[in-house]
Each structure stands twice: as C-alpha cells, then as structure tokens.
Amino acid sequence: MVEPLLRVEHVSKRFGGLQALDRTSFSADAGRITALIGPNGAGKTTLFSIIAGSLPPDRGRIVYDGVNIAGEPPHRLARRGIARTFQIAQPFTGLTVRENIAVGAHLPRPARADALAAAGDVAREVGRGDLIDRPAATLNVAGRKRLELARALAIAPRLLLLDEVLAGLNPSEIRGMVPVIRAIRDRGITIVMIEHVMQAVTSLAEHVFVLCEGRVIAEGPPDAIAADPHVVEAYLGRGAAGRMMATGSAHA
Amino acid sequence: MKGLVPIVGAVALLGTVPLITSSNVVLNFLVLVFLIALVGQGWNLLGGYGGQYSFGHAAFFGTGAYVTAVLQVRYGVNAWLGFGIGIVAGGVVGAAIGALSFRAGLKGSYFALVTLAFAEVLRIIASVAPITGAGVGTLITLDLRPEALQFQSRAPFYWIILGLVGVSLILIRAIEDSRFGAYLIAVRENEDAAEALGVDTTAVKLGAMTISAAITAAGGCFYAQYFLFIDASIAYGPWISVEALLAPIIGGTGTVFGPLLGALVVKTLGELGKFATGDAPGLDLVIYGCVLIAVVAVAPRGIAGMLSDLRRHFLSPKTAMPPSLRRDHG
C-alpha cells in the first residue's frame, strides 16, 4: 500500500477540564480528498489547528511526508508545502485580489513581477479572473472563500487543508465551487477538508473520517458512513439509529 | 524600477533651492523639513507598511545622535565615519528592541508602550551617564572643514539631508516592489493569514524595525552634526518620537511620499503658527493637534491618500468607490 501523505497518530489535546482530542488518529492518502466530519464540539477545529501548526498537541505525532511536523509554526509548514484556508475568510482587506494572491505566490517566487503574474493564473484557476483588480474588501462571502482558496493554492502546496470552505455559501455557489476543488485534486494536490455541508462531502470526498467527542468513531467511503449507525447516533442522539431502522422497516 | 522618476524629479527640483536663494531662514526651514521627513520615513516603514506603531523612535534618533557626537568628542573619530557608525548603531538598537518585543509577541498598544519605555530608559541613562556628558549634554567642537562634516554655509548641509531623504525614498520604493515589502504589508493586514502563507512574521517585523531604526538614526546623526549640540532631552526626548509619527500620519502612512509631504505641511503650519501667535509658548503645538484631528477626520489616509483619491475622482468618476474601500497602489 502507498504511504499516506499525512498521518495523524494518537493526537491528544486538553483544554482545562475538556479533553478536546483523545488519541485521535487518521490519515490522508496522496492525491485524494479526505473529509473530516462530526457534530459541533467534536474536536474538528482543534485537530485542524494542530495539523496547521497554530496549536501544539499535548501528545501524539503528525507525520507529513515521513517527517513528524507536530508543533512546527505555520510558516515552516507552508514552506514544506502545506497550505490552509481559514473557516472565517481572512483576506488582506487593504489590498486588491491580485496583491492578496501574490503574497502566497511569493513563497516559490522571489520576484515581484513573477508573483503578480502567477496571481493572475491562480485567480483564473479558481474561476475569479474577472475580479483580479478589485479591492479584496469589496468581495462578498463567496468571493472571499474563493480568494482564500486562491491564496492557499498560490504557494504551490502538496497538501491543502480546507476549513469549511463551503460554509456560508448558497446551493448554487456550492455547485460552482465543487468542480473547482475537484480540479485542484486532479492536479495532484492532496486535500483534507473539514465540512458541515454533507452534499459537498458526499460528492467530493473519497474517504471520510467521523470525529465525535475527540475520537474517530467511523471511517470509510461517504455512502457507507451515512448508513453507519454510530454516525447517525453521534448526530441525532443515542437510540436514534434504532428508531430510524424501526420506522424505516415499518414503512417498508 | 517604476516610480523612480517622481523621486528623482522631486529631489532634483528641491536640490536647486540653494542655487536660487541663500536665505538662511529658507534653507534652515527646509533642512528641518527634510530632517523630519527622514525621521518620519523610518517610522513609516515600520508603522505605515508594517502596521507596528512605535511610540519610541527617539531611541534610534538619539542613538544616532549620541554615537556620532561621542565618537568625535571623546574618541577623536572622524565625523563622516562617526555618522556611518551612528546609523549602524541605530539599526542595532532597533534590532535589539525588536527582538525583545516581537519574540514576546507584543502587538498594538503594548508594542507602542514598550517602545516608549525603551526610549525613556535610554533618555534617563543618557541624562546621568558620564560618557554622554550627563545633564550638561555633548558639544561637538566647532571645526568648519568639510572633512569634519561642518560647513561655513548651510547649502552643503541642505544637500546632504536632501540626499539622505532621496536615498530613503528610493529605498522605500524598492521595498514596496520586493517580496519583503509584500510580506511586510501582509503582516500589517493580517498576521495569521500571512503566517499561513509562509511568511515568517517575526523575522519580517524584525527586519523592518532594523531598517526603520537605521533610517531614523541617520536623522539623529545629521541633527548632531547640524546643531553641534545634543543633550538627553533633545536626543531621546518624546518630541522626536511624536514628530516621527506625525509626519507620515498627516502625509499618508504606507506611501513613499507621505512623510515628506507631512513634514512639509506640519513644519509650515508650525512656522505660520509661531508667526501668528507671536511665539506664545506651546501654541504651535495646539495647531499641530488641530491639524492632526482635521486629517484624521477629513483624510484618514493622509495627504497622499487624499491626492490619489482626487486624481482618481477626476480621471475616472464612473469607477469611483467609497474611500474606505480604497487604498493607494501607486
């Protein structure tokens, strides 16, 4: 079997009395889209922050490309080829779209002119070439999410971490975004996404991990996950799966 | 490099002034304007481009002034060499204060307060340490020879400070056009996002503070050589920290010409104020305060920002957007 690009091994994190993550493990295979789902408070954001370097884990290893990167600051991870987006988009509001993307594009390109030119290419790749010279402050939520994605892509990553990149979008905006993310995967970039929008998870992800109370309670392809009684219970409460089965068979 | 023409043009134009007039009043006035423009340009790099608001640029100004003066007076070092060492020393002090503050993660008003504290500590040390002449101050011996960086007329001083301003303008323009400059602006706009894009924000801020301090220190070196006297409250006093941030804020932070425009406006108003109030002590400061309030209210992006808004407004009224959404990308 191929060695996965990212392996999270027995990561624990405690905030005071709350065990946010309890020996959580998962892995993301190279060139695939892996989704991390779970109800509110499951520890998704904590896990994401630890992988992205903004939080150190209490225990455990984050192995990327065969190296333990746990605790490395975000800028070093970016130089290793790990890009991320923020759940709440963080544009450089004083700059244009092109200048925003150019900050990312500068990582592999020291020259200003090269970075600005590359920024134009990336903007077209995420479908917003038309907005290139607009001030970032004038973008709506959908525009900001695409900018977030474009900026991350501009650093030429191998691993892209997407933090609810579809949250806050309307259904037609989501339909517009799904092929963009798929095209990024098709270019060979490995994607790990945290997502609440199930429609997107089922149409995008090849492998899903379900997190609940800091542990992985299920994993597998999206359709198998949706039918897993543990997952249904995590979302709807204990006994819900049994009741659903019962009503399901009664109707049948 | 784009944007070089206006800089060379402006400096060349200003360079002709001593050929037109030998009036000491005019030349002295412009020398002070350029001095503040230079000191303010240092602040502008760190505060205007990097978003790190220092309230203690006196620490660098004073270090430049004292190093230049003390090396000459006590160690017989050549004035030109002392000038250069003063600039380097200012940069070193900037790097040291920056390393301490940025590694401790100080931001916003905490950073401003700590820089103010460092400047005050240096002022107090300079007012008691024997090497600085303590309370008496340091007097540079009169020696009107170019080798000693002293001149009979004001014109050479004028060209030297104008040259320094010219160099600082070109340096800032070059930084604007570089990866370092893009990273510095990204730090100002959003540090977390910059960090995630591979920007070592601590290193970028430290670099900016070092260059910023060196530019401001050059102003201090010039001050010592021009007035031939400094004491602790001149060199490390809060007045210069205020001048350093007032000029770029009024002229337009994060713009190449902001500090020069701001220094020109502030000094002109100061002189007019002194003239109008008949030298009533402190009244010119009241005028400073009023101008600052007016600028913040009418043109939050300073004079340079207002000019570019006006230009855009008249060139393309259709694409005009609310000023709050715009920035100067020149």
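Of the 14 residues in helix 5 of chain A, 11 are buried, so this helix is largely enclosed by the rest of the structure. That makes it a good place to start a tour of what is a predicted model.

## Helix 5 and helix 6 of chain A

The enclosed stretch of helix 5 can be read straight along the chain: Arg144(A), Lys145(A), Arg146(A), Leu147(A), Glu148(A), Leu149(A), Ala150(A), Arg151(A), Ala152(A), Leu153(A) and Ala154(A) are buried. What lies over them? The cover of these buried residues includes strand 6 (82–84), helix 3 (97–105), helix 4 (112–125), strand 7 (159–163) and helix 6 (171–186) of chain A. The length of helix 5 can be checked too: at 1.5 Å a residue, its 14 residues (141–154) should span 20 Å, and the end C-alpha atoms are indeed 20 Å apart. After helix 5 comes Ala156(A), with a positive phi near 55°.

Helix 6 of chain A makes a useful companion. Its buried residues are Met177(A), Ile181(A) and Ile184(A). These pack against helix 5, strand 7, strand 8 (190–194) and helix 7 (198–204) of chain A. Just past the end of helix 6, Gly188(A) has a positive phi of about 100°.

Here are the two helices side by side.

| Helix of chain A | Number of residues | Expected span at 1.5 Å a residue | End-to-end C-alpha distance |
|---|---|---|---|
| Helix 5 | 14 residues | 20 Å | 20 Å |
| Helix 6 | 16 residues | 22 Å | 23 Å |

## Chain A as a whole

Stepping back, chain A contains 10 helices and 10 strands. Its radius of gyration is 19 Å, close to the 18 Å that the globule rule gives for 252 residues, so chain A is as compact as a globular protein of that length. Along the principal axes, its C-alpha atoms fill a box of roughly 65 × 40 × 40 Å. Buried residues make up 44% of the 252 in the chain. Among contacts between residues at least 6 apart in sequence, 62% join residues at least 24 apart.

Chain A is divided into domain 1 (1–81 + 161–222) and domain 2 (91–156). The C-alpha centres of domain 1 and domain 2 of chain A are 23 Å apart. Where they meet, 8 residues of domain 1 are in contact with 10 residues of domain 2. On the domain 1 side, helix 2 (74–80) and helix 6 of chain A each supply at least two residues. Helix 6 provides the largest share of that side, with 3 residues. By class, the domain 1 side has 5 nonpolar, 1 polar and 2 charged residues.

## Where the chains meet

Between the chains, 22 residues of chain B are in contact with 24 residues of chain A. Which elements of chain B give two or more residues to the side that touches chain A? They are helix 8 (179–189) and helix 9 (191–196) of chain B. Helix 8 of chain B gives the most, with 6 residues. In this side of chain B there are 10 nonpolar, 4 polar and 8 charged residues.

## The nonpolar core

In soluble globular proteins, nonpolar side chains tend to be buried together. The largest nonpolar core in this model has 164 residues, of which Leu161(A), Met193(A), Val210(A), Leu38(B) and Ile161(B) touch the most other members. Helix 10 (residues 201–227) of chain B contributes the largest share of this core, 13 residues. The core also draws at least three residues from each of domain 1 and domain 2 of chain A.

Leu38(B) is worth a closer look. Leaving aside residues up to four places away in sequence, Leu38(B) touches Ile161(B), Leu164(B), Val165(B), Ser168(B), Ile215(B), Ala218(B) and Gly219(B).

## Two residues of chain B

Is Gly86(B) buried or exposed? Gly86(B) has 28 other C-beta atoms within 10 Å, so it is buried. Gly86(B) sits in helix 5 (residues 79–103) of chain B. Not counting residues up to four places away in sequence, Gly86(B) touches Gly64(B), Val67(B), Thr68(B), Ala217(B), Gly220(B) and Cys221(B). Gly262(B) is 176 residues from Gly86(B) in sequence and 25 Å away in space, C-alpha to C-alpha.

Val5(B), in helix 1 (residues 4–15) of chain B, offers a second example. Val5(B) counts as exposed because it has 9 C-beta neighbours inside 10 Å. From Val5(B) to Glu176(B) there are 171 residues in sequence and 15 Å in space, C-alpha to C-alpha.

Notes. Residues are numbered from 1 along each chain as its sequence is written. Chains are lettered from A and ligands numbered from 1 in the order in which they are written. This is a predicted model: local features need pLDDT of at least 70, side-chain atom pairs count only at pLDDT 80 or more; totals for chains, interfaces and linings use all residues. Helices (H or I, at least four residues) and strands (E, at least two) are DSSP runs, numbered from the N terminus. The expected span of a helix is 1.5 Å times one less than its number of residues. A residue is buried if 20 or more other C-beta atoms lie within 10 Å of its own, exposed if 12 or fewer, and partly exposed in between; C-beta atoms are placed from the backbone. Two residues are in contact if their C-beta atoms, placed from the backbone, lie within 7 Å. A nonpolar core is a set of buried Ala, Val, Leu, Ile, Met, Phe, Trp, Tyr and Cys residues joined through C-beta atoms within 7 Å. Domain bounds come from an automatic or database domain assignment. Ala, Val, Leu, Ile, Met, Phe, Trp, Tyr, Cys and Pro count as nonpolar, Asp, Glu, Lys and Arg as charged, and the others, Gly among them, as polar. The radius of gyration is taken over C-alpha atoms; the globule rule is 2.2 Å times the number of residues to the power 0.38.
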